[in-house]
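Visitor: I'm new to this. Could you show me a protein model and walk me through a few of its details?

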Amino acid sequence: MKPAAASASFSGPFALGTFSAPGQASFPGLVSPHGLVLDLRTALGAPALTNRGIFERWGETLPRLHRLAADTSADWRPLEGLRVHAPVEPRQVFQSGANYRQHVIDLEVAHRAPDDPRTVGEARAEVAAVMDRRAAEDLPYVFIGLPSAITGPFDDVELPDHAEQPDWELELAAVIGEPAHRVTVEEAPGHVAGYTIANDLTDRATVFRRDMKAIGTDWLRCKNAPGFTPLGPWIVPTESITDPGDLRLTLKLNGETMQDESTEDMLFGVARLVSYISQSARLLPGDLVLTGSPAGNGLHWGRLLLRRAGIDVDLVEVRPDWNVRGSGITLQGNALRVLRDIGVWDEVRENGFGFDSLGLTAPDGTLLHVGEVLRAGGDDLPATLGMQRPVLQRILADAVRASGATVRLGTTAEILGQDDTSVTARLSAGTEGRYDLVVAADGLHSATRAALGIDAGPEPTGMAIWRVPAPRPDAVERSDLAHGGPCYIAGYTPTGTDTLYAYLVEPSRDRATIPPESYAKEMRRLSEGYGGAWDEIRDSITDSAQVNYTTFDRMLVEGPWHRGRAVLVGDAAHCCPPTMAQGAAMALEDAWVLSELLTSGSAWDEKLLTRYYERRLHRVRMVVDASVRIGQWQLDGVPGDVPGLMTATMTALKERP
C-alpha cells in the first residue's frame, strides 16, 4: 500500500521541503501548517537556491524564513498537485547502527548462533545488560551511507535482484547547519539546523559477508542501492523541536503499526553522535546524521517484505481444523533457509532441536562413527533440525493468518475452466471465483494434478517406515542410525528439549494386514532388535494411535508442472523416500521460487511458469534419484557409497534454488 499523500502536519510555524510542479524544475519551498508552499527561490531572490544552500547560510537565513512564514501576502501555492522530493541533497550521510536498546536486543537474539544454548529470554536479558554498559562506557557505532541512495518519501523503490530480504528501518535524521569539526557534546546541538525522517531500507540477506567472515558487515550491498533511503517529507527547524531525545517514531505497513518507539530508547543521543562523528570527519551544511532505528522492523515481526506486497491470497484447506498428525519431521539446512526467509525461523528454532552431526551405531547401540553434516542452509543455520510436525504446522498456520491471507478451512476447490487471464474455481461452500493463478499443493494424490490431465502418480519403492513420538533420553543430542538388525534402518531424531521421534524402516507390507490397534505392539516387537537409546524409547511405545506406518513412494512430474494458470508445488509435483530427509525442503523451495517469480514484476504467463519448472526440475530430480538410490542399495543389499552420495547432493543444495 502506498503511503498517503503529503500533509502539512509538523511542529512549529514552518518546515522546509523540496518540490516540483509537473514538467518543471525542483525548488526549495517553505511549507506552512495550512498546506501551502512558498517558492524560496523567488521569495529570497536567489534563482539557483537549494535547501543545501539555505543551510550553508543558516544563521542569517533563519530569521528571514520566520518573516516569510508570517507573510500572508506572499505568493503561496497549495501543496496539493506538487511532487514532494527528498528535502535535501547532502554531500555526506553518516549512519548510526545498533543505537536503540530494544532494537539491538531484537537483532542480537535473531542472529545468535544456531548452537546457542540460551533461551530467548536468557539471551534478551544478557544482551540488555551489555547495552546498558555500552551506553554508559562505550562509543557510538557509525558508518557511511551514499547520497545516491536517497530518494523522495513517496517515490517507488526498485529492489535490486540481490535483495532477498528487504526490511524497513525508520530513523530520525539530524540535518547539519553550521559546519562541525571536533565539537564537544555541549556544542553539537548548535550545529544541527533541523530534523527529518529517513527509512533506512536494509537487505537482511546481505548484511553479513558469508565468504569473508572476518570482514563482517557489507553496508554497501545491503543498504545503499539507489532509492534505499527514502527521506522526508519535511525538515523541521531545531527550534521547533523541544527535545530530540523525546520524540515518537511510528512506521506503519499497509495501515498496521510496525514501529512505535520513543527516541528516549537511543543509547547515544543526537548531540553525542554529532560530537563523535566530528572528531573524525568535518560535517558540512546539509549533511545527514541518521540516528538508528527502533525496535519493530520486519525481522522482528517475521514480516520481511520479500516482494509480496499487493498479492491477495485465498488458501483453501480440506481439513476443518487445519491440524496435522504425525510424530516428527527432520529439516535440513536448505529447508531452514526458506523458513528464515519467510520470517518464522526464530520460532522454529525455539521449538525444535538443532544439531550438526549424524551418528552411526551398531544394532546393539554401540556408537561406530559420528560425522559432521554439511550446513546446506549456510554457516549461520544448523545442518539439521528436528521438530514435532504439529508444532511446525501451528507456526506456519499462524504466519499465514498473520500475513493477511484469507483461510478457508473444511473446503475443497474445483477448477471449472480458465482462459489466458484467469481461472474459474468453485469452492465446496458453493461459491465461485475468478483467480489470476491457482497453486495446487494438495499432496501426493493430488486431485488437481489429475483434473489438469497431468499423467503422473506415486510409485512404491518397496520400503515402509514406522514412526512414533517419544520422550528424549538425556543422551540423545542428534540423529543416530543403525543399519541392519530386524529392519533396514533404526533411527531417532530429537525434536525438542524433551521429545524425539523414532523410526524403523522395513520392507513394505500391505497395510490391510496390520490391524491399526496393533501398531504399538508391532513397532515394539521390531525395536527389540536394537539397544542403546532404544531401550528407553521402546518402553514409551504404548499408544497405537501415536504410531504411524507409511510406505515409501517416488514420483516426479517430468513435463511442465502447470496447465494454463494452474500450477503444482510440493508433493503434488514430486515426492521421494525420506532417506535424505529432503521432502519438506523440496516443497518449501518450490513455494519460495514460485513466489519470487510471481513477485518479480514479470507477467504471470506461460513463460513465467515454465521458468519455475525449469528452475526446479534438475534440483528436484537430483534429490528424488539420490533418495531412491539409497533405498535401493538397502533393498538389494548392496554396500553403496551412501556418505559420498549424500555429501555430493547436500553440497549442491547449499546453492540457493
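## A helix and some salt bridges

Guide: Let's start with helix α17, whose buried residues are L645, T649, M650 and L653. Keep in mind that this is a predicted model.

Visitor: How wide an arc do the buried residues of α17 cover around the axis?
Guide: In general, an α-helix has 3.6 residues a turn, so residues three or four places apart point the same way. In α17 the buried ones are L645, T649, M650 and L653. They sit on the same side of the helix, because the arc they cover is only 120 degrees.

Visitor: Which parts do the buried residues of α17 pack against?
Guide: Buried here means under 20% relative accessible area. For the buried residues of α17, the packing partners are β19 (329–332), α9 (333–341), α15 (583–598) and α16 (606–636).

Visitor: How far apart are the end C-alpha atoms of α17?
Guide: Helix α17 runs over residues 642–653, which makes 12 residues. At 1.5 Å a residue it should span 16 Å, and the model agrees: the end C-alpha atoms are 16 Å apart.

Visitor: At the start of α17, which backbone nitrogen does a side-chain oxygen of D641 reach?
Guide: Look right at the start of the helix, where D641 stretches out a side-chain oxygen. That oxygen comes to within 2.9 Å of a backbone nitrogen, the one belonging to G644.

Visitor: How many residues apart in sequence are the parts that E414 and R426 tie together?
Guide: The side chains of E414 and R426 meet in a salt bridge, 3.5 Å from N to O. E414 belongs to strand β25 (residues 413–418) and R426 to strand β26 (residues 423–427), so the pair ties together parts that are apart in sequence by 12 residues.

Visitor: D535 and R538 also meet in a salt bridge. Is R538 buried or exposed?
Guide: These two both lie in helix α14 (residues 534–539), 3 residues apart, or about one turn of the helix. Their side chains meet at 2.6 Å, N to O. D535 is partly exposed at 41%. R538 has a relative accessibility of 14%, and the cut-off is under 20%, so R538 counts as buried.

Visitor: Which residues are linked in a network of salt bridges?
Guide: A salt bridge can be a simple pair, such as R57 and E60 at 2.8 Å, N to O. Elsewhere there's a network of salt bridges, and its linked residues are E506, R509, E522 and R525.

Visitor: And how many salt bridges does the structure hold?
Guide: We've met several pairs, including E414 with R426 and D535 with R538. For the structure, the count of salt bridges is 31.

Key:
Residues numbered from 1 in each chain as written. Predicted model: local features only at pLDDT ≥ 70, side-chain atom pairs only at ≥ 80, totals over all residues. Heavy atoms only, no water. Salt bridge = Lys/Arg side-chain N within 4 Å of Asp/Glu carboxyl O. Helix = DSSP H or I, 4+ residues; strand = E, 2+ residues; numbered from the N terminus. Buried < 20%, exposed > 50% of the residue type's maximum accessible area, 1.4 Å probe, protein only. Expected span 1.5 Å × (residues − 1). Arc of directions from axis to C-beta. Contact = heavy atoms within 4.5 Å. Polar contact = N/O pair within 3.5 Å; in protein donor to acceptor, adjacent residues only side chain to side chain.
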